[in-house]
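Me: Could you take a close look at one part of this structure for me and explain it step by step? I am a first-year student, and I would like to see how one region fits in with its surroundings.

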Amino acid sequence: TYKDLRTESAEQIASFGAIGNAIGGLSVGEPDEELYEMTDLVCDILPKEKPRYLMGVGTPENILECISLGIDMFDCVMPTRNARNGMLFTREGIINIKNKKWEDDFSAIDAGTGVDIDENHTKAYLKHLIGLNERLGAQISSIHNLAFYLWLTKEARKHIIEGTYADWKNVMVKKLTTRL
């Protein structure tokens, strides 16, 4: 998070004329504000016409904020790692499927997504599988979280094209930080 070193590195990387550029060394425990500050700094230097890839950034709200700063691509273990431990990202907030409150909830994991895994399995069933450490529970949860991330980025693209990204992002960030 040293501005001078980030600037020097980004200028050097930009001078190579690569078909795209990666940004690393962030999302390793620094506060979100520093992540955003360094991402903004680097995005102002790297060519805007070439894809910018931010390595290891993975909370939904971090992804949305970094898209607004100019990032095009991401990777992270968070969706699958958290899924295996019972954390599900949904359009309405975060679910800890291990909580007792889901034991008798026979509603879809995330209704209305059009994703078979979400529509065909209930929260109660998934809680049961995760509680037993059944491999199928981790698989269903992982597929759900990956589908959610895909939905999130498709929606972001749609709202960018429509010119409504900033307002949509602000609403989504509030939802995505809500614990259900």
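Reply: Let's begin with one term: a residue counts as buried when its relative accessible area is under 20%. Tyrosine 165 has a relative accessible area of 9%, so it is buried. Tryptophan 168 is buried as well, because its relative accessible area is 11%. Please keep in mind that this is a predicted model.

Let's stay with these two residues. They both sit in helix H8, which covers residues 165-176, and being three residues apart there, they are separated by about one helical turn. Their rings form an aromatic pair of the tilted kind, with 5.9 Å from centre to centre and 45° between the planes. In the whole structure, a search finds five aromatic pairs. Another of them joins phenylalanine 148 and tyrosine 149, whose ring centres are 6.0 Å apart. Here the planes meet at 80°, and because an angle over 60 degrees counts as edge-to-face, that is the name this pair gets. Both phenylalanine 148 and tyrosine 149 are buried. Ring pairs also link these two with Phe89 and Trp151, and the four make up a cluster.

H8 also helps to cover another helix. What covers the buried residues of helix H3 includes H8, together with helix H2 (32-45), strand E2 (52-55), strand E3, strand E4 (87-90) and helix H7. H3 itself spans residues 60-69, and seven of its 10 residues are buried, so the helix is largely enclosed by the rest of the structure. The buried ones are Pro60, Glu61, Asn62, Ile63, Leu64, Cys66 and Ile67. Just after H3 comes glycine 70, with a positive phi of about 120°.

Where does glycine 70 turn up again? Gly70 helps to line the largest pocket, alongside Ile67, which is also on that list. The volume of this pocket is about 270 Å³. The rest of its lining is Ile71, Asp72, Phe74, Thr153, Lys154, Ala156, Arg157, Ile160 and Ile161. H7 gives the largest share, six residues. Sorted by class, the lining holds six nonpolar, two polar and three charged residues.

The second largest pocket holds about 180 Å³ of space. Its lining is made by Val57, Gly58, Ile63, Phe74, Asp75, Cys76, Pro79, Leu146, Tyr149, Leu150 and Thr153. Two elements give two or more residues to this lining, strand E3 (73-75) and H7, and H7 has the largest share with four residues. The classes here are eight nonpolar, two polar and one charged. You can now connect some threads: Phe74 and Thr153 line the largest pocket and also the second largest one. Tyr149 lines the second largest pocket and belongs to the ring cluster, while Ile63 lines that pocket and is one of the buried residues of H3.

Now follow H7 back to where it begins. H7 runs from 135 to 162, and the loop between H6 and H7 contains asparagine 133. Asparagine 133 has a relative accessibility of 71%, and because that is over 50%, this residue counts as exposed. Its phi is positive, about 55°, although it is not a glycine. That deserves a second glance, because most residues other than glycine have a negative phi.

One loop earlier on our route, histidine 121 lies between helix H5 (116-119) and helix H6 (123-131). Its side chain reaches the backbone oxygen of isoleucine 117 at 3.1 Å. Setting aside neighbours within four places in sequence, histidine 121 is in contact with Ser107, Ala108, Ile109 and Ile140. The last of these, isoleucine 140, is 19 residues away in sequence, and the two C-alpha atoms are 8.5 Å apart in space.

Finally, let's step back to the whole chain. Its secondary structure consists of eight helices and five strands. Of its 180 residues, 41% count as buried. Among contacts with a separation of 6 or more, 56% are between residues 24 or more positions apart. The C-alpha atoms fill a box of roughly 55 × 35 × 25 Å along the principal axes.

Key
Residues numbered from 1 in each chain as written. Predicted model: local features only at pLDDT ≥ 70, side-chain atom pairs only at ≥ 80, totals over all residues. Heavy atoms only, no water. Contact = heavy atoms within 4.5 Å. Polar contact = N/O pair within 3.5 Å; in protein donor to acceptor, adjacent residues only side chain to side chain. Buried < 20%, exposed > 50% of the residue type's maximum accessible area, 1.4 Å probe, protein only. 1 Å grid on protein atoms, 1.4 Å probe; cavity = no way out; pocket = protein on both sides within 12 Å on 5 of 7 lines; lining within 4 Å. Points joined across faces, edges and corners; volume = space filled by probe spheres on them. Nonpolar A, V, L, I, M, F, W, Y, C, P; charged D, E, K, R; others polar. Phe/Tyr/Trp six-rings, centres within 6.5 Å; stacked < 30°, edge-to-face > 60°.
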